[in-house]
Amino acid sequence: SVIASGGLEPYQFRVDGGNLGGNTFNGLTAGTHTAEVVDARGCTKTINIEIPTKTTIFNHFIRELKVG
């Protein structure tokens, strides 16, 4: 999941250019993914995240994004 701060709530999130929605992403495969958060003003912040090939962590906190 991705957590946002700053900017103006509510926030919307997407990964790999998908549809905007909530901040939890399921079924991501190993490799590099792009996470984006959009605030109520339309300000965006994008980061690249790396999912390791093998992981034993089921819930992985990715990063906090500061918007605005």
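Val 38 makes a handy way into this fold: with a relative accessible area of 11%, Val 38 counts as buried, because that value falls under the 20% cut-off. The model is a predicted one, and in it Val 38 is part of strand β3. Leaving out residues up to four places away in sequence, Val 38 touches Pro 10, Tyr 11, Gln 12, Leu 20, Cys 43 and Thr 44. One of these, Tyr 11, sits 27 residues away along the chain, yet the C-alpha atoms of Val 38 and Tyr 11 are separated by just 5.6 Å.

Glu 36 is another β3 residue, and here the side chain is a charged one. Is Glu 36 buried or exposed? Its relative accessible area comes out at 18%, so Glu 36 is buried as well, given that the cut-off is 20%. Glu 36 has a polar partner there: its side chain and that of Arg 14 are joined by a polar contact of 2.7 Å. Arg 14 also turns up among the residues that Glu 36 contacts beyond four places in sequence, together with Gln 12, Phe 13, Thr 44, Lys 45 and Thr 46. Gln 12 and Thr 44 are on the contact list of Glu 36, and both are on that of Val 38 too.

Now for the sheet that β3 belongs to. Three strands make up an open sheet in the order β2-β3-β4, and the pairing is antiparallel. That leaves β2 and β4 as the edge strands, each pairing on one side only. On average, neighbouring strands of the sheet are turned by 20° against each other, with direction ignored. Between β2 and β3, which run antiparallel, there are 4 bridges; between β3 and β4, also antiparallel, there are 8.

The register can be followed through a few residues. Phe 13 has Val 37 of β3 as its bridge partner, and Val 37 in turn has Lys 45 of β4 as its own. Elsewhere in the β3-β4 pair, Gly 31 stands opposite Ile 51 of β4. How many residues lie between β3 and β4 in their hairpin? There are 5 residues between the two strands, and within the turn Gly 42 takes a positive phi of about 90°.

What about the nonpolar side chains? In soluble globular proteins, nonpolar side chains tend to be buried together. The largest nonpolar core in this model has 11 residues: Val 2, Ala 4, Tyr 11, Phe 13, Val 15, Phe 25, Ala 35, Val 37, Ile 47, Ile 49 and Val 67. At least two residues of this core come from each of β2 (12-15), β3 (31-38) and β4 (44-51). Phe 13 and Val 37, the bridge partners mentioned above, are both core members. Tyr 11 belongs to the core as well, and Tyr 11 is also one of the residues touched by Val 38.

Zooming out, the chain has 5 strands and 0 helices, so to speak a plain β-β-β-β-β run from the N terminus on. Of its 68 residues, 28% count as buried. The accessible surface of the chain comes to about 4600 Å², with 49% of that belonging to carbon and sulfur atoms. As for sequence range, take the contacts with a separation of 6 or more: 40% of them come from residues 24 or more positions apart. The pair of Val 38 and Tyr 11, 27 residues apart along the chain, is in contact and falls in that range.

Key. Residues numbered from 1 in each chain as written. Predicted model: local features only at pLDDT ≥ 70, side-chain atom pairs only at ≥ 80, totals over all residues. Heavy atoms only, no water. Core = buried A, V, L, I, M, F, W, Y, C linked by side-chain atoms within 4.5 Å. Buried < 20%, exposed > 50% of the residue type's maximum accessible area, 1.4 Å probe, protein only. Pairing = 2+ DSSP bridges. Axes fitted to C-alpha atoms, helices over the stretch in contact; angles between N-to-C directions. Contact = heavy atoms within 4.5 Å. Areas by Shrake-Rupley, 256 points an atom, 1.4 Å probe, with all protein chains shown as cover. Polar contact = N/O pair within 3.5 Å; in protein donor to acceptor, adjacent residues only side chain to side chain.
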